[in-house]
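I sat down today to look up a few things in this structure and to write them out in order. My plan was to take the sheets in turn and then turn to the ligand.

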Amino acid sequence: MVGGGIPDDTGNEIIVSLGRMDRIRSIDRTNDTMVVEAGCILANVQAAAVEADRLFPLSLASEGSCQIGGNIAANAGGLEVVRYGAMRELVLGLEVVLPNGDVLGEIAQLRKNNTGYDLKHLFIGSEGTLGIVTAAALKLFPRPRSTATAFCGLQSPEDALEILSRVKEQCGARLSTFEIISARQLEVVFRHIKTASPLDKRHSWYLLIEITDSILDAGLSELLMDTLSACIEGGILSDAVIAQSEAQRSEFWALRHVISESNLHAGRVLSHDTSVPVSSCAAFIRQTERALSGRSDMELTFVGHLGDGNVHAVAIFDREKVGSAEFEARASEVSNIVYEISASLGGSISAEHGVGVSLRDKLATFKDPRELSLMRSIKAVFDPTGIMNPGKLFSACPSNATS
Ligand SMILES: Cc1cc2nc3c(=O)[nH]c(=O)nc-3n(C[C@H](O)[C@H](O)[C@H](O)COP(=O)(O)OP(=O)(O)OC[C@H]3O[C@@H](n4cnc5c(N)ncnc54)[C@H](O)[C@@H]3O)c2cc1C
C-alpha cells in the first residue's frame, strides 16, 4: 500500500522472506493466546484459532496472502478494529532479531507486565526499520456464535455518526463492524461488477453494520432491528435490511470487499488512509467534498471504517483526461488538500497502511518535528548503521549507501 516492502533500485538491498517460518508454535486456551511464527499467513492463523474454538479477530481483504510479521510491522487495522482494536492491541509479546544479530527471544504471554518501557510497541508499526519480527504471542477471543449484519441507506454522514452512537449504546461491545460507503462509491461498484443493491431505492450514503456475540441464539437480529427501527423513526435512517441467511450476509460483505477492485477498473486511483477523531468524520467528509467538488478530471468517493474515524477519501481520475505523466502532480495536489483537512481536525495522514516510501516526505510536514526527532533517535539506538529497511519511514541514512 505504501511501498514499505519494496527495495530501492540499486540492486544492493537484501530481501528477507519469512514465508517458511509458518509454524503455529502453541495455543493456550486458558490463557487465550497463541504463539505463531512471523511467516504465518493471516488466514491460517484465523483458521488455527477456529480449530481451537477461539477467534483471532484481525481481518483484512489481504488476509489470504499477508503474513503476521507484516501485520505487526504495519500495525494493520481492518474491519473489526471498532471492537477488538488494531494489531497493536492484539499482540502480547514478540520474538525479534535485532540488526546486530541479538535475539529478543522471551515471548511474553502476559496480560499485565509493568516492568518499564514496553519495547514490543516500538516494533509494532515500525515497518521493519528496527528489527525482524520472527514470532509473536497473539490474543485470542471467544468465537462469535451469533451474528447480525445490516445494510442501511441514509442521507448524511452526520446521521451516520448519530446511528453509530445509538448502535453502541444499544448493542454495547457486540458492535464489530461499522463501515460507511458513499453513493458514488457504490455506483462505481455497480458500474464495474455485476451485482445489485440490497436496498430498493438509491440513498446518499450506506452503512454496513455487524454485531456479534459468543452466545448461541443471542437474538441479535431482533436487537439490531429494534435499534435501526428506532433510528428510522427518529428520521436519521432511511432504510435498512438485515441479512436473513449466511448467503445474504456474504452478499453484503462482497459489496464492501469488491470496492478496491472496482475502483481500479474505474480509473487512476488515489486512496487516502487518513484518520480523524470519530466525532469529526462528518466534518472531514464535508470539507473534503467542498474542497474537491466540481473537478471534471476526477470522481470523489468515500469508503471506510467510520467506527474507527478512518474514512478513505478516494479520488478516481479519468484515464482519458489524466494521463500517467500528469497523474503524479494531480495526485500530490489532491493529497495535500486531504491531508491539510485531516490535520486541521487533529487527524493523521496514515491510519493503518503505514508510511513506507509513499508518505515518507509528508511526515516532515504533518508530524511534530520533536516526535520525528525522537523517532530518529530510537532508530539510531536499534540500528546505528541503518541496515533495516533503509529509506522507509525516514530517508536512508547516508552511511548506509554502500552497506
Ligand atoms: C487488498 C488489500 C487490502 C488491505 N486492507 C487493509 C485493511 O483493511 N487494513 C489494513 O490495516 N491494511 C490493509 N492492507 C495493507 C495491510 O497492512 C497489509 O496487507 C498487511 O498488514 C501487511 O502484511 P504483508 O505480509 O503484506 O507485509 P508486507 O507488505 O510484505 O510488509 C509490510 C511492511 O512490514 C515489513 N515487514 C514485513 N514482515 C516483517 C517482519 N517479519 N519483521 C519486520 N518487518 C516486517 C515490511 O518491510 C514492510 O515495511 C491491505 C492490503 C491489500 C493488498
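These entries go through what I looked up, and I note at the start that the model is a predicted one.

**Entry 1, one sheet.** I reminded myself that strands of a sheet pair through backbone hydrogen bonds, either parallel or antiparallel. I then found five strands that form an open sheet with antiparallel pairing, and their order is 1-2-6-4-5. At its edges I noted strand 1 (24-28) and strand 5 (103-104), each of which pairs on one side only. Strand 4, residues 91-97, is joined to strand 5 by two bridges, and I saw that Val96 stands opposite Leu104 of strand 5.

**Entry 2, another sheet.** I found a further open sheet, made of seven antiparallel strands in the order 11-8-10-9-13-14-12. Strand 11 (239-242) and strand 12 (268-271) each have a single partner strand, so one side of each is left without a neighbour in the sheet. The twist from one strand to the next averages 15 degrees. Between strand 13 (298-305) and strand 14 (310-317) I noted eight bridges, and Leu300 has Ala315 in strand 14 as its bridge partner. Helix 6 (157-171) lies across strands 8, 9 and 10, and runs at about 170 degrees to strand 9.

**Entry 3, the ligand.** Which residues come nearest to the ligand? Of the 27 around the ligand, they are Gly4, Gly69, Gly70, Ala73 and Gly128. Helix 2 (68-73) and strand 6 (132-139) each supply at least two residues of this shell, and helix 2 gives the most, with four. I recorded the shell as eleven nonpolar, 13 polar and three charged residues.

Definitions and conventions. Residues numbered from 1 in each chain as written. Predicted model: local features only at pLDDT ≥ 70, side-chain atom pairs only at ≥ 80, totals over all residues. Pairing = 2+ DSSP bridges. Near = placed C-beta within 6 Å. Nonpolar A, V, L, I, M, F, W, Y, C, P; charged D, E, K, R; others polar. Axes fitted to C-alpha atoms, helices over the stretch in contact; angles between N-to-C directions. Contact = placed C-beta atoms within 7 Å.
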